[in-house]
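Reader: I am new to this structure and would like a close look at a single part of it. Could you take me slowly through one residue and its surroundings, and then set that part within the whole?

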Amino acid sequence: MSIYDEDETTFKMEAFSKATTQAFALGNVEQALCYLNYMAEKPINAKAKVIEHIDVYYVETLFWGASPHTIALGWPFVPESLQTLYINFHGKAP
C-alpha cells in the first residue's frame, strides 16, 4: 500500500482486494479471512462513500484473474454481505 499516495484510496482498495485473492491463491486462508472480515465490518454505520468504495474497488475485483482452484477455495469464506455486493455487480458468483 505504501506505493500509493494518501489520496489514492481507490488504488489502495484494489490492491487490498488483490492481496485477499493472492492470500487464497497461496493457501493462506487465515490471512484472507482477516482481510475479508475487516472489509465486511466497515460498511456497518459507514457513510455512503465508504460503502461505495468497498463495493466498487474491493468487492468487484475480488478473484479477478484467479484460478478456479483459488475461487473454489475462497468464495465460501466471503461474508454474505460481500457476496451480495459481488453478485449484484457481476450477476453471479465467480
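Author: Before the part itself, one term is needed: two residues are in contact, or touch, when heavy atoms of theirs lie within 4.5 Å. The model is a predicted one, and the part chosen here is the loop between α3 and α4, beginning with Glu 60, which has its place there.

Which residues does Glu 60 touch, if those up to four places away in sequence are not counted? They are Asp 55, Tyr 86, Phe 89 and His 90. Since helix α3 covers residues 48-58 and helix α5 covers residues 80-90, Asp 55 belongs to the former, while Tyr 86, Phe 89 and His 90 belong to the latter. Is Glu 60 buried or exposed? Glu 60 has a relative accessible area of 14%, and because buried means under 20%, this residue counts as buried. With Gly 27 as a point of reference, Glu 60 is 33 residues away in sequence and 21 Å away in space, taken from C-alpha to C-alpha.

The loop that holds Glu 60 also holds Phe 63, and it is followed by α4, which spans residues 68-74. Phe 63 is buried as well, with a relative accessible area of 4%, and its phi is near 65°, a positive value in a residue other than glycine.

Helix α5, met above through the contacts of Glu 60, also contains Gln 83. Gln 83 has a relative accessible area of 18%, which puts this residue too among the buried ones. Leaving aside residues up to four places away in sequence, Gln 83 touches Trp 75, Pro 76 and Val 78, and the side chain of Gln 83 reaches the backbone oxygen of Val 78 at 3.1 Å.

As for the whole, the protein has 5 helices and 0 strands, so that from the N terminus on its elements run α-α-α-α-α. Buried residues, to which Glu 60 belongs, make up 31% of the 94 residues. Among contacts between residues at least 6 apart in sequence, 54% join residues at least 24 apart. The radius of gyration is 13 Å, which agrees with the value near 12 Å that a compact globule of 94 residues would have, and along its principal axes the C-alpha trace spans about 35 × 30 × 20 Å.

Note on methods
Residues are numbered from 1 along each chain as its sequence is written. This is a predicted model: local features need pLDDT of at least 70, side-chain atom pairs count only at pLDDT 80 or more; totals for chains, interfaces and linings use all residues. Side-chain values use heavy atoms; hydrogens and water are left out. Helices (H or I, at least four residues) and strands (E, at least two) are DSSP runs, numbered from the N terminus. The radius of gyration is taken over C-alpha atoms; the globule rule is 2.2 Å times the number of residues to the power 0.38. Buried means under 20% relative accessible area, exposed over 50%, partly exposed in between (1.4 Å probe, protein chains only). A polar contact is a pair of N or O atoms within 3.5 Å; within protein, one must be able to donate a hydrogen and the other to accept it, and residues adjacent in sequence count only if both atoms are side-chain atoms.
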